[in-house]
Amino acid sequence: MEAHDCAKCGPNVKLNRSNAQRVLEHMGAHILHDATLNHSQEVCGLCLQPSPMCRLLVKKGRGALAGNRMDIDNSSCVNLIRFNYASAACSSESSPCSNVPIICPLCPPKSPGVWTYSLHAHFRDRHKLTTHTQFPMTVYLSQSEKDGMKRIWDARFNVPQPRNLKKKKVPALLLSEAPMSRSALQ
């Protein structure tokens with residue numbers, strides 16, 4: 001298991017880099033709920049650094065019906081990890097985070113992706129749009145995604161218990177009544 005400390009939470013929170021979706025969820029929870037972050041600033045969804053520090057490129061997959069995917073070879077971030085773009089972009093009960101880099105319709109081609117949870121900050125900061133009605137696209141989080149991400153934020157310091165450890169069965173201590181009965185009769 002390749003784990004590293006969360007840069008914001010410190011050594012109390014280990015992020016398992018082999019489970020990219022859990023890393024995305026943890027960092028997404030920071031973006032949505034961490035009061036110490038500057039929410040008017042666009043941040044990277046993998047390391048929480050201001051957006052110019054990281055360059056995550058998104059490209060169209062192969063085929064007419066293919067969706068977007070990460071261009072890992074041309075991306076850079078101190079915490080760069082591979083993840084399944086299509087799975088990560090969909091919120092579910094067991095995996096509520098949908099924070100992925102997307103292509104901004106206002107930026108020039110080949111520009112770095114913008115993380116969905118930072119999209120509104122990107123429009124305000126980079127494109128100087130001041131109201132939501134000016135935004136060419138809007139990110140709406142479902143109530144279940146909001147609730148799920150809040151649960152993840154609230155539980156960030158809880159250490160998960162390993163699932164596959166078999167509990168050892170300790171045999172019950174057997175007491176014989178025979179010695180006690182004999183001493184009572186004497």
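How are H1 and H4 oriented to each other? The close-ups below take up this question and two others. This is a predicted model, in which local features need pLDDT of at least 70, side-chain atom pairs count only at pLDDT 80 or more, and totals for chains, interfaces and linings use all residues. Residues are numbered from 1 along each chain as its sequence is written, and side-chain values use heavy atoms, with hydrogens and water left out.

**View 1. Helices H1 and H4 are roughly perpendicular (65 to 115 degrees) to each other.** Their axes, lines fitted to C-alpha atoms over the stretch in contact, cross at roughly 100 degrees and come within 9 Å; angles run from 0 to 180 degrees between N-to-C directions. In contact (heavy atoms within 4.5 Å) are Glu25, His26, Gly28, Ala29, His30, Leu32 and His33 of H1 with Lys146, Met149, Lys150, Ile152 and Trp153 of H4. The residues of this contact divide into 5 nonpolar, 4 polar and 3 charged.

**View 2. Helix H4 (residues 143–154) turns its buried residues to the same side.** Glu145, Gly148, Met149 and Trp153 are the buried ones (under 20% relative accessible area, 1.4 Å probe, protein chains only). They cover an arc of only 140 degrees around the axis, taken from the directions to the C-beta atoms. Helix H1 (20–33) is included in what covers them.

**View 3. His122 sits in helix H3 (residues 119–126).** His122 is buried, with a relative accessible area of 1%. Leaving aside residues up to four places away in sequence, His122 touches Glu42, Cys104, Cys107, Val114 and His127.

Definitions and conventions: Helix = DSSP H or I, 4+ residues; strand = E, 2+ residues; numbered from the N terminus. Buried < 20%, exposed > 50% of the residue type's maximum accessible area, 1.4 Å probe, protein only. Expected span 1.5 Å × (residues − 1). Parallel < 35°, antiparallel > 145°, perpendicular 65-115°, else oblique. Nonpolar A, V, L, I, M, F, W, Y, C, P; charged D, E, K, R; others polar.
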